[in-house]
Amino acid sequence: MQEIIQNFKQITQIPHCSFQTEQLQKFLIDFAKEQNCEVKIDKAGNIHAYKGKPKICLQSHYDMVCMGEAPNIQMYEENGYLKAKNSSLGADNGIGVSLMMQALKEFENIECLFTNNEEVGLCGANDLQHSLIANKLLNLDHESDDEVVIGCAGGVDIFANLALELDEKEEECYELQAVGFKGGHSGIDIIKNIKNSIKEAALFISQNHGEICEFNGGERINSIPKHAKIIAFFKNPPKENDNFKIKSLGKIKRSYYKNSNIILNLINAFAQGVRTFNHHLNLVQTSINLSLAYEKDGKFYFELFARSNDLKELQNIEFETLTYFKMQNCQTSSANFYPPWANKDTKFGEEILNYFKKEDEKAKLYTIHAGLECGIISEKQPLECCSIGPNIYSPHSTDEKCEIASIEKISKILFNILKDYQ
């Protein structure tokens with residue numbers, strides 16, 4: 001157990017934000033070679049390490065969502081949890097990577113697939129070129145230790161931009177800084193109705209009859225926005241509240257958005273969050289998150305992420321959202337569409353569940369409203385797949401934490417599985 005925590009601590013000290021994973025990639029390649037593995041890397045940066053005659057392949061992604069001061073991660077333990085000071089922790093999916101490192105140390109018949117850039121559109125899985133040896137894939141990217149995941153949502157990135165109409169005038173100007181927003185994972189946490197800093201900022205400006213001079217909100221396309229910084233003209237001084245800290249810049253002459261109302265209307269009228277709920281599975285079926293809103297090169301940009309566990313609904317919400325922005329003459333596009341993973345054969349999942357039941361009678365099979373790489377990988381070659389992992393709370397945010405006892409529980413289950421698969 002302590003070795004697994006130590007593995008994770010090592011990982012936190014190596015920068016591995018999405019699209020900036022080269023240092024951790026080299027570390028994992030060198031580590032796998034030290035364990036006498038055959039190691040291959042494809043053009044997408046996916047690492048395939050194996051030795052002996054493996055019957056099961058472990059899989060995790062090795063990039064992370066960097067929030068706050070990450071990749072400068074200062075990990076600490078508090079009240080039974082691993083946390084990070086002023087940054088995301090990277091337990092998603094660094095704990096899975098740490099478990100795989102330990103498995104490479106301890107087992108002679110083992111196969112591991114470390115995928116790259118999962119957090120930015122499942123890029124590594126989509127561009128996977130490796131052929132796996134085993135016909136069973138155990139993904140270690142889940143975040144609840146009493147569930148064996150056998151299905152997940154599909155997703156799509158949606159983009160819109162609008163040309164800014166800029167003018168200049170002299171008026172009382174104020175800086176708004178978002179405070180106290182929680183942020184979170186736009187799939188797992190979407191049902192919690194967490195306040196969206198972009199939506200709240202637009203509401204505040206509209207209610208106080210402001211005109212935007214600058215607007216920058218959100219962090220990542222797959223995170224519920226936590227931060228926002230806005231400069232705006234107000235005829236009457238706006239009052240601070242629990243959501244916004246306000247600083248007067250005085251009466252100054254500067255440029256502003258003449259079409260502020262169009263931008264504010266687009267944000268205010270946008271329906272953030274859960275769109276449909278699947279009562280049979282007891283989970284969110286379709287949702288959408290307004291992730292980023294910002295000015296760049298004379299245009300105002302919107303970035304959104306839609307998810308659904310139903311293919312038709314995912315296609316519909318993509319179409320509806322593009323249409324919504326087109327109605328205000330925005331340029332629109334979408335990218336990184338991946339379908340839901342609907343596991344038709346649950347035999348492997350049920351087998352893994354039996355191991356969980358020995359530790360936790362309440363353990364169950366589950367379908368998740370978030371993206372996993374299992375479906376994409378299993379489309380490339382026939383595989384039985386499921387996903388497990390320890391309790392991780394508030395991933396993709398500076399409040400991220402991972403329960404230490406849960407890591408121990410999952411490691412015990414995982415190593416019992418691997419012993420039986422030798």
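Let's start with a term: a residue is buried under 20% relative accessible area, exposed over 50%, and partly exposed in between, using a 1.4 Å probe and protein chains only. By that yardstick Asn193, at 65% relative accessibility, counts as exposed. This is a predicted model, where local features need pLDDT of at least 70 and side-chain atom pairs count only at pLDDT 80 or more, while totals for chains, interfaces and linings use all residues. Residues are numbered from 1 along each chain as its sequence is written, and side-chain values use heavy atoms, with hydrogens and water left out.

Back to Asn193, which sits in the loop between β11 and α5 (197-207). Helices here are DSSP runs of H or I with at least four residues, strands are runs of E with at least two, and both are numbered from the N terminus. Asn193 has a phi near 55°, a positive value in a residue other than glycine. Another such residue is Asn79, with phi near 50°; Asn79 lies in the loop between β4 and β5 and is exposed at 71% relative accessibility. Most residues other than glycine have a negative phi, and most peptide bonds are trans.

On that second point, have a look at Ala70 and Pro71, which are joined by a cis peptide bond with omega about 15°. Pro71 belongs to the loop between β3 (57-61) and β4. The bond from Asp92 to Asn93 is cis too, with omega near 10°, and Asn93 falls within helix α3 (residues 91-106).

Now follow β4 into its sheet. Four strands make up an open, antiparallel sheet in the order β4-β5-β24-β23; two strands pair if DSSP finds at least two bridges between them. β4 (75-78) and β23 are the edge strands, each with a single partner, so one side of each has no neighbour in the sheet. Inside the sheet, β5 (residues 81-84) and β24 (residues 401-403) pair over 3 bridges, with Leu82 bridging to Cys402 in β24. Helix α10 (residues 404-420) lies across β4, β5 and β24, at about 55° to β24. That angle is taken between N-to-C directions on a scale from 0 to 180 degrees, with axes fitted to C-alpha atoms, for helices over the stretch in contact; contact means heavy atoms within 4.5 Å.

Elsewhere there's a hairpin of β16 (residues 273-278) and β17, which pair in the antiparallel sense over 5 bridges. Phe277 stands opposite Val284 in β17. Between the two strands are 4 residues, and in this hairpin Asn282 takes a positive phi near 55°.

β17 also brings us to the open spaces. On a 1 Å grid over the protein atoms alone, a cavity is a set of points where a 1.4 Å probe fits but cannot get out, whereas a pocket is an open set with protein on both sides within 12 Å along at least five of seven lines; lining residues have an atom within 4 Å of a point. Points are joined across faces, edges and corners, and a volume is the space filled by probe spheres set on the points. The largest pocket holds about 430 Å³. Its lining has 21 residues, with Glu147, Ile188, Ile191, Tyr366 and Ile368 nearest the centre. The elements giving two or more residues to this lining are β17 (283-296), β21 (364-368) and β23 (392-393).

What about the enclosed spaces? There are 3 cavities of 30 Å³ or more, and the largest has a volume of about 220 Å³. Of the 22 residues lining the largest cavity, Glu118, Glu119, His185, Arg307 and Gly371 lie nearest its centre. His185 is in strand β11 (residues 184-185) and is buried, at 6% relative accessible area. Beyond its neighbours within four places in sequence, His185 contacts Ile190, Asn222, Ile224, Arg307, Ala370, Pro395 and His396.

The second largest cavity comes to about 50 Å³. Its lining includes Cys152, Tyr338, Trp341 and Glu379, and helix α9 (residues 374-380) gives the most to it, with 3 residues.

One last stop is Asp146, in the loop between β7 (136-139) and β8 (147-152). Asp146 is partly exposed at 21% relative accessibility. Setting aside neighbours within four places in sequence, Asp146 is in contact with Asp360, Lys362, Ala363 and Lys364.
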